[in-house]
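Visitor: I am new here and would love a close look at a single part of what is shown, a patch on the surface. Please take me there slowly, and then point out what else to look at.

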Amino acid sequence: MTVCLLLLSVVALTAAVPVPRALVRAGWPDREPVVALWVWQCLVATVLLCCLTALVLGAAAVFHTVRDHVFAPAPPAVTAAYDLSAAPVWAATLTLLLACGAAWTTAMLARELVEARRHRGQARAQLRERAPELPGGLEEAARGPLLVLEDEYPDAWWMPGHPPQLVVTTGALHRLTDPQLESVLTHERDHARAHHDWLLHLSTALATGFPRVPLFAHFCDQTHRLVELAADDTASRRCGHLTTALALIELNQHRGVLSCASSHRLLGERVDRLLQPPPRLGRRHRALTTTVATLVPLLPLLITFAPGLTALG
């Protein structure tokens with residue numbers, strides 16, 4: 001059991017500190033944002049699985065009741081292989097810390113979901129009051145619920161919910177050409193299709209709850225960035241890179257899209273990326289990266305079940 005806890009700690013620390021920093025410095029995530037999002041999710045899953053399995057093993061070693069429930073279906077040889085009777089003092093301390101961390105994580109996730117639901121309800125109520133009648137033909141063109149908002153500034157965004165709703169201002173309808181409008185709607189529909197709101201809520205909750213953990217801090221920053229790049233790629237594949245870039249400029253020109261301010265830097269990077277598309281990874285390299293990332297979360301499970309599998313063998 002001691003060896004399992006040590007190995008789980010090493011895997012969790014490796015996935016939480018050096019790997020995220022190396023991934024942030026890498027250049028390929030800009031070329032493959034969808035693959036990069038999957039890699040980040042696998043890293044987060046690895047750390048969470050390490051903590052969860054370590055918590056179960058530690059609780060089984062410290063508390064007899066937990067041990068009886070966890071190992072009830074297992075043969076005596078499996079229980080003996082974990083050597084749960086000789087739990088060191090640091091294992092009890094680690095178990096307590098992990099239990100507190102699990103409770104805090106659950107609280108942060110619940111808080112994020114409650115706040116998001118409240119904010120979404122308020123925003124929907126305000127939009128219904130401000131929106132004029134929907135012009136004929138636009139709803140069919142959007143291929144889904146579309147809400148037109150009276151506003152002189154061009155803007156468009158996606159509002160999560162059931163069903164998801166596209167919001168576009170009259171300023172965007174007047175300024176954007178039909179292909180540009182289609183690229184904007186495609187961008188927003190991709191957010192809805194990929195359920196990017198769940199990723200954003202998860203990354204925000206983890207970064208808020210554990211701001212000093214590099215993995216969670218980088219996961220939050222990169223997720224907010226990569227979901228936009230992924231949606232840009234979807235729009236550019238359908239409507240063209242130049243059309244998507246021009247639509248992005250038209251929508252954000254009044255915000256200073258080409259300025260050097262930190263809040264607008266991502267917009268400028270997105271425009272540059274669309275005007276000069278970076279070379280994409282090869283199909284083999286992309287498949288290899290995805291496969292390796294998928295296998296990484298299995299490490300905590302292999303470490304946890306290794307003593308039991310050895311005893312059965």
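Guide: Helices are DSSP runs of H or I with at least four residues, strands are runs of E with at least two, and both are numbered from the N terminus. This is a predicted model, where local features need pLDDT of at least 70 and side-chain atom pairs count only at 80 or more, while totals for chains, interfaces and linings use all residues. Residues are numbered from 1 along each chain as its sequence is written, and side-chain values use heavy atoms, without hydrogens and water.

Now to the patch: Leu295, Leu298, Leu299 and Leu302 together make a nonpolar surface patch with about 370 Å² of accessible area (Shrake-Rupley method, 1.4 Å probe, only the protein chains shown as cover). Such a patch joins nonpolar side chains within 5 Å, from residues with over 30% relative accessible area and no salt bridge (Lys or Arg nitrogen within 4 Å of an Asp or Glu carboxyl oxygen). Helix H16, residues 298-312, supplies the largest share, 3 residues. Leu302 lies in H16 and is exposed (over 50%), because its relative accessible area is 55%.

For your next stop, try the largest pocket, an open set of 1 Å grid points with protein on both sides within 12 Å along at least five of seven lines. Its volume, the space filled by 1.4 Å probe spheres on joined points, is about 940 Å³. Among its 37 lining residues (an atom within 4 Å of a point), Trp157, Trp158, Glu188, His191 and Glu228 are closest to the centre. The elements giving two or more residues to this lining include helix H10 (178-193) and strand E2 (156-159), while H7 gives the largest share, 6 residues.

Methods:
Patch = residues over 30% accessible without salt bridge, like charges linked within 9 Å, V, L, I, M, F, W, Y side chains within 5 Å. Buried < 20%, exposed > 50% of the residue type's maximum accessible area, 1.4 Å probe, protein only.
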